[in-house]
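Work through the exercises below with the sequence and the model side by side. Try each task before reading its solution.

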Amino acid sequence: MLRTTRNRSSRLGHILPEFMHARTAPLTPTTGHCIFCDLMHGAAEVSICYEDATAIAFLDIQPVNAGHVLVVPREHYETLQDIPKAVGLHLYQVATKLIPVVQTAAGATDMNIVVNSGAAAGQNVMHYHIHLIPRRVDDGFDVPLPFPGSQMPNRQQLDAMAARIGSMLRDPLRKDGMKL
Ligand code: 5GP
Ligand code: ZN
């Protein structure tokens, strides 16, 4: 199961000035500040493994396994629905580039690629990010799917949901999902 409780303070430190950027979107409303924006403003130590003009990737401070990387947009966007499409696509390009390298560097056999988008989905840091989690057999971590408590829908219910999604995808006025 994904960890949902975090309570840690960041170590003060220094990162390069080029990681500093202007914040253009609201910060996490509940706390009034964002730890990932703080990191990119140089407020704490961070171990960066990749960076470009749009994205940065650094090591998770409390990794599931060694090599647990977070791919993060430089600008503050809270959830998947807040991300401009071009930024979202770029983050997945960066993740795709990093995945085989991280897996090899970590000596892992497999990977979980995880996004917790929104508080109900277990997102604790409200600055959108993609987890790259190197996995090994018997490492004790789990994303339990299928969900043991779920009810199995019948075919009619599955077909109805598939049709609903397909219909919404074809709606030219659709406003949900990534920003265009
Ligand atoms: P979420 O639960 O939002 O999907 O994941 C947030 C992740 O950010 C967690 O895995 C947590 O360990 C990581 N994290 C929280 N604070 C810091 C920090 O100060 N530095 C780094 N590098 N990672 C952090
Ligand atoms: Zn932020």
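The exercises that follow concern a predicted model and go from the fold to the sheet, the core and the ligand.

**Exercise 1. List the helices and strands of the chain in order from the N terminus.**

Solution. Start with the count: the chain has three helices and five strands. Then read along the chain from the N terminus, which gives α-β-β-β-α-β-β-α.

**Exercise 2. Work out the strand order of the sheet and state which strands stand at its edges.**

Solution. Step one is the order: the five strands form an open sheet arranged β1-β2-β3-β5-β4, with antiparallel pairing. Step two is the edges. β1 (48-51) and β4 (110-114) each have a single partner strand, so one side of each is left without a neighbour in the sheet. Step three is the twist, which averages 15° from one strand to the next.

Now take one pair in detail. β1 and β2 are joined in the antiparallel sense over three bridges. Within β2, F58 is the residue that stands opposite I48. As background, strands of a sheet pair through backbone hydrogen bonds, either parallel or antiparallel.

**Exercise 3. Find the helix that lies across β1, β2, β3, β4 and β5, and give its angle to β5.**

Solution. The helix is α2, which lies across these five strands. Relative to β5, α2 runs at about 20°.

**Exercise 4. Describe the largest nonpolar core and say which elements supply it.**

Solution. First, the members: this core holds 26 residues, and A57, V71, L98 and L132 touch the most other members. Second, the sources: α1 (35-40), β2 (55-59), β3 (69-73), α2 (85-106) and β5 (130-135) each supply at least two residues. The largest share, six residues, comes from α2.

Third, follow A57 outward. Setting aside neighbours within four places in sequence, A57 is in contact with C49, Y50, V69, L70, V71, V72, V94 and L98.

**Exercise 5. Determine what share of the chain is buried and what share of the contacts between residues at least 6 apart joins residues at least 24 apart.**

Solution. Of the 180 residues in the chain, 23% are buried. For the contacts, take those between residues at least 6 apart in sequence; 65% of these join residues at least 24 apart.

**Exercise 6. Characterise the residues around ligand 1.**

Solution. Begin with the count: 16 residues surround ligand 1, and I61, Q62, N116, N124 and V125 come nearest. Then sort the shell by class, which gives eight nonpolar, six polar and two charged residues.

Key:
Residues are numbered from 1 along each chain as its sequence is written. Chains are lettered from A and ligands numbered from 1 in the order in which they are written. This is a predicted model: local features need pLDDT of at least 70, side-chain atom pairs count only at pLDDT 80 or more; totals for chains, interfaces and linings use all residues. A residue is near a molecule or strand if its C-beta atom, placed from the backbone, lies within 6 Å of it. Ala, Val, Leu, Ile, Met, Phe, Trp, Tyr, Cys and Pro count as nonpolar, Asp, Glu, Lys and Arg as charged, and the others, Gly among them, as polar. A nonpolar core is a set of buried Ala, Val, Leu, Ile, Met, Phe, Trp, Tyr and Cys residues joined through C-beta atoms within 7 Å. A residue is buried if 20 or more other C-beta atoms lie within 10 Å of its own, exposed if 12 or fewer, and partly exposed in between; C-beta atoms are placed from the backbone. Helices (H or I, at least four residues) and strands (E, at least two) are DSSP runs, numbered from the N terminus. Two residues are in contact if their C-beta atoms, placed from the backbone, lie within 7 Å. Two strands pair if DSSP finds at least two bridges between them. Axes are lines fitted to C-alpha atoms, for helices over the stretch in contact, and angles run from 0 to 180 degrees between N-to-C directions.
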